[in-house]
Amino acid sequence: MYGGYYYGGYYGGIDSIAFILLMPALLFSLYAQFKVTSSFNKYLGIQSSSGLTGYEVARLILDRNGLYHIRIEPIGGNLTDHYDPRNKVIRLSRNVYNGRSVAAVSVAAHEVGHAIQHGEGYFPLILRNNIAPIASIGARFVWFLILLGFIISPFFIELGILLYVAVVLFQVITLPVEFNASRRALYQLENGIIYHDEVESSKKVLNAAALTYVGATLVALAQLLRLMAMFGRRRD
């Protein structure tokens, strides 16, 4: 009797906390998405004094760090830029690959920052890459497992929670990885690629992008608390 009461009260408290945290986290995430889009679009229209394209900046930084084997490819979409560690290729969206704007060179340098991390064996990046497959499974199947948990057995909810923990860990580890890549990007850009008066603009582009990862982490943490509360209700 005592154990059941304590269990239900504990998870009821988690449910309340999750509800309180989830809405602000979602609102912050929406704000972060707006901020990164507006900042990117703003500085996409401001020409970089270097006159270099995003591709040329990426290639320059890669070469001077001895990463001659890393390829650079264009990719469709907007803000789809990423570094693929498995295939050792940087993929840049068209307006970054061909663009000569402050936004283009900043984003290109940021993705090269990930390639430099990979080349140096930067531990948080390696850890994130190892967690990524499990996190992908967790994000894809968590709600299916929750449904099975309510229909069949709470075991499936517990399994869903365990998989979703990987999602949360992935998001948390992503924060130092992204901030570090931005610091590396600014260091490389300041080293003969952009002029002093453009540094602040580049920081604004990179900081806006970082907000999206903070928002995603907050949402993931709140969702984990919700899942734990669901598990408690199902057990009750």
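**Cores and main pocket of a predicted model**

Colleague: Which residues does valine 112 contact, leaving aside its neighbours within four places in sequence?

Modeller: This is a predicted model, where local features need pLDDT of at least 70, side-chain atom pairs count only at pLDDT 80 or more, and totals for chains, interfaces and linings use all residues. Residues are numbered from 1 along each chain as its sequence is written, and side-chain values use heavy atoms, without hydrogens and water. Contact means heavy atoms within 4.5 Å. With those sequence neighbours set aside, valine 112 touches Ala58, Ile61, Leu62 and Ile90.

Colleague: Which element gives the largest share of the largest nonpolar core?

Modeller: A nonpolar core is a set of buried (under 20% relative accessible area, 1.4 Å probe, protein chains only) Ala, Val, Leu, Ile, Met, Phe, Trp, Tyr and Cys residues joined through side-chain atoms within 4.5 Å. The largest one has 31 residues, and Val112 is among those with the most contacts inside it. Elements giving two or more residues include α2 (54-64), β3 (89-93) and α4 (102-120), with helices (H or I, at least four residues) and strands (E, at least two) taken as DSSP runs numbered from the N terminus. The largest share, nine residues, comes from α4.

Colleague: How many residues are in the other core?

Modeller: This core lies apart from the largest one. Ile146, Ile157, Val168 and Val177 are among its members, and its size is 17 residues.

Colleague: By class, how is the lining of the largest pocket made up?

Modeller: Nonpolar here means Ala, Val, Leu, Ile, Met, Phe, Trp, Tyr, Cys and Pro, charged means Asp, Glu, Lys and Arg, and the others, Gly among them, are polar. By class, the lining has six charged, ten polar and 17 nonpolar residues.

Note on methods: Buried means under 20% relative accessible area, exposed over 50%, partly exposed in between (1.4 Å probe, protein chains only).
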